[in-house]
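Could you walk me through this structure, stop by stop? I have it open in a viewer and would like to know what to select next and what is there.

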Amino acid sequence: MYEREIKEKVIKIINTFRVLVVTGPRQVGKSTLLDSLMPADMKKITLDDEFLREEARTNPKLFLDLHPAPLFIDEIQYAPELFPYIKMKVDANKERGQYWLSGSQAFELMKGVTESLAGRAGILKMNSFTFSEINKNITSNVFDPENIIEKESIDSLAVFNTIFKGGMPELYDIEDMDRDLFFDSYIQTYIERDVRNYINPSNLVVFRKFIQEVALRTGTTLNYSDIANDIGISSNTVKEWMSILVTSGLVYLLEPFSTSKLKRLTHLPKIIFMDLGLACYLSNWNSVEDLLSSPESGRYFESFVISEIVKQYQNKGEKLDISYFRNKETEEIDLIMFKNNTYYPLEIKKTSNPKKEMLKNFKCLNKLDKKIGKGGLICLYDRLLPLDENNMVIPLSSVINI
């Protein structure tokens, strides 16, 4: 079994809150992790079971009386009727860790938590494997621009093998698992079980095309009109469907940097697919060699770096304040991290030959009446060293293998 970085935070929530809620895309290992942590006296119920689901929906009070805490309810979103009765149970008993709830339909799950369990539940978002989890190198660190740690370099082919394969646990648990068959089944299941209730059934085929178009655009600015025109739907529909991808955890939208001091900045977020293996499959990449040698590889590398940072912070339950910068002159800074009232600019390049001019757009931040910390170039160079007096060359290993 692969160790998960989020485990430490799960245990902390169990010992702090009366209810634990773990959400995230399907098949990222939520149930496997919680199964491994269950105490001997805890019972597990999955609402994938149609009989149990019907019981929970038609008589939620009796259901919880028959299945007392401590109780782990998997796929809780299938019976939202349970939430107010769980609230009554935990209001009557202040014991920690009474109910563990998990589910992949985050929109329904979080609605129930917000309406009934606010202040009573600790909530975590779980993702597919990080690079460190895949390589069984679990630490308690997250990438911190104030304290960058030098680590042994990572071969570029190993990086792109991970990008191409992605981080879905089943692809690593079963050695001979066919990647294409897995992702084809994954998308079918996602659409049939997580999406069907939120869009017109006649649009399910179009929705699959929509996911493909979004995957093709990972690492680029989200243009609603372009996607709408390419698949023949309205821009409003694109916005609605994009919210489904974001809420279910398949996509992260990197918001644009904004401040009253800088005008003429873009207002559009950047698309980051959270599992690049799924994005590669949907984008019809046939081999890691084709991806690595393509002009598009830089976008996938950038998306991978950003998704890894997001996963790290979510796994630790830590606040992450990041954005990207682009003005109307198309000057861009790939990533800006904000921490301790300081902005840290970062460029992300798939190169092993770092140059100072790659950071030329950092000058755009000079207009800010804010503290600008040391910046850096995240790349495939093998050493952590100064690039100039204000910026560092940051090996990829110092970001994703810490």
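Happy to! Keep in mind that this is a predicted model. Let's begin at a stop that is easy to miss: select Pro70, which sits in the loop between α4 (60–66) and β3 (71–74). Look at the link from Ala69 to Pro70, where the peptide bond is cis, with omega at about 5°.

**The whole chain**

Now zoom out and show the protein as a cartoon. You should find 17 helices and 14 strands. Along the principal axes, the C-alpha atoms fill a box of roughly 65 × 50 × 45 Å. How does the radius of gyration fit with a compact globule? A compact globule of 402 residues would come near 21 Å and the protein has 22 Å, so the two agree.

Turn on the surface next. Its accessible area comes to about 17800 Å², and 47% of that belongs to carbon and sulfur atoms. Underneath, 54% of the 402 residues count as buried. If you colour by charge, there are 51 positive and 56 negative side chains to find, and the centres of these two sets lie 6 Å apart.

Contacts are worth a look too. Taking those between residues at least 6 apart in sequence, 71% join residues at least 24 apart.

**Into the cores**

Hide the surface and select Phe207, Phe210 and Leu245. In the largest nonpolar core, which has 92 residues, these three touch the most other members. Helix α16 (residues 297–316) gives this core its largest share, eight residues.

Stay with Phe210 for a moment and show its surroundings. Which residues does Phe210 contact, apart from its neighbours within four places in sequence? They are Ile227, Ile231, Val238, Trp241, Met242 and Leu245.

There is also a second, separate core, made of 23 residues. To find this second core, select Leu52, Val90, Leu109 and Val113, which are among its members.

**A helix stop**

Move on to Leu37, in helix α2 (residues 30–37). Setting aside neighbours within four places in sequence, the contacts of Leu37 are Lys7, Val10, Ile11 and Trp100. For a sense of scale, draw a distance from the C-alpha of Leu37 to that of Gly119: the two residues are 82 apart in sequence, and your line should read 23 Å.

**Two loops with a positive phi**

Select Lys136, in the loop between α7 (131–134) and α8 (156–165). Its phi is near 55°, a positive value in a residue other than glycine. Is Lys136 buried or exposed? With a relative accessible area of 59%, Lys136 is over the 50% cut-off, so this residue counts as exposed.

Then go to Asn340, which lies in the loop between β9 (332–339) and β10 (342–348). Asn340 is not a glycine either, yet has a positive phi of about 50°. The relative accessible area of Asn340 is 58%, so this residue is exposed as well.

For the last stop, keep Asn340 selected and add Glu146. The two are 194 residues apart along the chain, while their C-alpha atoms are separated by 9.6 Å. Draw that distance in your viewer, and the tour is done.

Technical notes. Residues numbered from 1 in each chain as written. Predicted model: local features only at pLDDT ≥ 70, side-chain atom pairs only at ≥ 80, totals over all residues. Heavy atoms only, no water. Helix = DSSP H or I, 4+ residues; strand = E, 2+ residues; numbered from the N terminus. Rg over C-alpha atoms; globule rule 2.2 N^0.38 Å. Buried < 20%, exposed > 50% of the residue type's maximum accessible area, 1.4 Å probe, protein only. Contact = heavy atoms within 4.5 Å. Areas by Shrake-Rupley, 256 points an atom, 1.4 Å probe, with all protein chains shown as cover. Lys, Arg positive; Asp, Glu negative; His and termini not counted. Charge placed at Lys NZ, Arg CZ, Asp CG, Glu CD. Core = buried A, V, L, I, M, F, W, Y, C linked by side-chain atoms within 4.5 Å.
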